[in-house]
Amino acid sequence: MASSEGKKFGFVGCGTIVCSIVRGLCEHYKKVATTTTSKTTPVIVSGVSFPLFLSPRNSNKTAALAAEYGASLVVVCASNQDVISQTDVVVVGLTPPVAPAVLPSLTFRSNQLVINLISTISNSEMASLCTQKSEEDSDSRAIEVIKAVPLPPVAHHKGATAVYPRNPTVNSLFTLLGKVVEVDTAEQLTVMQAATALMGPYYQLVGTLQRWMSQNGIPDDDAATFSSAFFQCVSVDLENKNTPEALQSLVDEQTPGGLNQEAIERLTAAGTYDTVGVTLDSILARLRHK
């Protein structure tokens with residue numbers, strides 16, 4: 001079904017992560033497409049065939065994407081099966097309780113690639129849910145499944161997506177949306193999944209700073225503006241810090257006896273950083289024994 005230049009991508013489920021991927025791909029299209037790009041469909045940009053095909057689930061979100069980007073980039077299909085029938089790569093972003101009820105009733109092709117976004121469903125479980133009988137014989141044909149762990153900032157081409165196992169199509173897709181970290185084992189991917197549980201606490205920390213500033217006399221909106229901008233600006237220094245030594249250098253460069261060093265020492269003495277490790281251990285155990 002794919003052309004010699006690109007693959008057709010479909011999305012079953014349309015939650016926050018799927019919407020972020022779709023938005024990131026459409027924004028990439030807008031960035032690189034030129035006025036000479038063919039006005040007919042499909043249009044191939046960076047190996048991706050547009051339009052993208054979305055399932056009708058979460059109709060408010062899919063309708064909003066279709067309205068924003070137009071039919072040349074996003075098509076909302078009549079059914080989940082319609083998505084699968086028209087595409088080469090199917091991105092599954094259903095919730096864990098819904099996937100086992102929906103996927104077995106759908107007919108996949110043996111040459112399709114499935115990208116598994118569901119945190120608590122392994123690749124082997126996903127393959128089992130998507131395996132269908134061949135029309136030619138009675139043998140079951142397992143679908144190739146790759147697990148990916150993107151985060152919402154892929155909509156802005158930021159962040160890193162963990163992937164297992166290695167796959168050139170999946171690597172190329174998420175490289176358009178930020179950085180890609182391909183790991184060698186399912187256990188390594190599980191560890192990286194656990195790490196993403198710090199996204200919410202990070203936002204909670206930003207909110208904590210905002211509330212503290214407000215309690216100390218800063219107007220709420222000013223406190224919110226400063227807090228969000230502050231965390232964004234200090235995160236810039238993390239760019240290309242790809243070794244443990246480089247990360248530690250950001251801590252070591254704090255002025256001896258200065259305010260930042262005092263804050264580090266107080267939080268360390270209170271066990272704050274140790275608690276982060278304990279929390280991640282708990283999340284990892286949950287993922288391992290789901």
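I took contact to mean heavy atoms within 4.5 Å. I also kept in mind that this is a predicted model.

**Entry 1: helix H1 and its cover**

I began with helix H1, residues 16–32. Does the distance between its ends agree with its length in residues? I found that it does, because 17 residues at 1.5 Å a residue should span 24 Å, and the end C-alpha atoms are 24 Å apart.

Next I asked which residues of H1 are buried. My list reads Val-18, Cys-19, Ser-20, Ile-21, Val-22, Gly-24, Leu-25, Cys-26, His-28 and Tyr-29. I then looked up what covers them, and the cover includes three strands from the early part of my notes, S1 (7–12), S2 (43–45) and S3 (48–54). Strand S4 (74–76) is also included, along with helices H2 (59–69) and H6 (168–175).Glu-27 also belongs to this helix, and I noted that its side chain meets that of Lys-30 in a salt bridge, 3.5 Å from N to O. The two sit three residues apart in H1, so about one helical turn separates them. Glu-27 itself is partly exposed, at a relative accessible area of 27%.

**Entry 2: salt bridges across the chain**

How many salt bridges are there? I counted seven. Beyond the one in H1, I followed two others.

I looked at Glu-182 and Arg-166, whose closest N and O atoms are 3.6 Å apart in a salt bridge. Glu-182 is in strand S11 (residues 179–182) and Arg-166 is in the loop between strand S10 (160–164) and H6, so this pair ties together parts that are 16 residues apart in sequence. I have Arg-166 down as partly exposed, with a relative accessible area of 48%. I also see that Arg-166, Glu-182 and Asp-184 are linked in a network of salt bridges.

Then I turned to Glu-239 and Lys-179, a salt bridge with its closest N and O atoms 4.0 Å apart. This pair links distant parts of the chain, 60 residues apart: Lys-179 is in strand S11, while Glu-239 is in the loop between H9 and helix H10 (244–252). Lys-179 counts as partly exposed, at 40% relative accessibility.

**Entry 3: cysteines**

How many disulfides does the model have? My count came to zero. For Cys-19, the nearest cysteine sulfur is that of Cys-14, 3.4 Å away, and Cys-19 is in no disulfide. I had set the cut-off at 2.5 Å between the sulfur atoms, so a 3.4 Å separation falls outside it. Cys-19 counts as buried because its relative accessibility is 13%, and buried means under 20%.

I checked Cys-77 as well, and that residue is in no disulfide either; the nearest cysteine sulfur is again that of Cys-14, this time 12 Å away. Cys-77 is buried too, at 5% relative accessibility.

**Entry 4: Thr-190**

Is Thr-190 buried or exposed? I found it buried, with a relative accessible area of 14%. Its place is in helix H7, residues 186–195. Leaving out residues up to four places away in sequence, I see Thr-190 touching Leu-284, Leu-287 and Arg-288.

**Entry 5: a nonpolar patch**

Which residues form a nonpolar patch on the surface? I noted Phe-226, Phe-230 and Val-234, which together have about 250 Å² of accessible area. Phe-226 lies in helix H9, residues 220–235. At 45% relative accessibility, I count Phe-226 as partly exposed.

Methods:
Residues are numbered from 1 along each chain as its sequence is written. This is a predicted model: local features need pLDDT of at least 70, side-chain atom pairs count only at pLDDT 80 or more; totals for chains, interfaces and linings use all residues. Side-chain values use heavy atoms; hydrogens and water are left out. Helices (H or I, at least four residues) and strands (E, at least two) are DSSP runs, numbered from the N terminus. Buried means under 20% relative accessible area, exposed over 50%, partly exposed in between (1.4 Å probe, protein chains only). Patches are made of residues with over 30% relative accessible area and no salt bridge: like charges are joined within 9 Å, nonpolar side chains (Val, Leu, Ile, Met, Phe, Trp, Tyr) within 5 Å. Accessible areas come from the Shrake-Rupley method with a 1.4 Å probe; for residues, only the protein chains shown count as cover. The expected span of a helix is 1.5 Å times one less than its number of residues.
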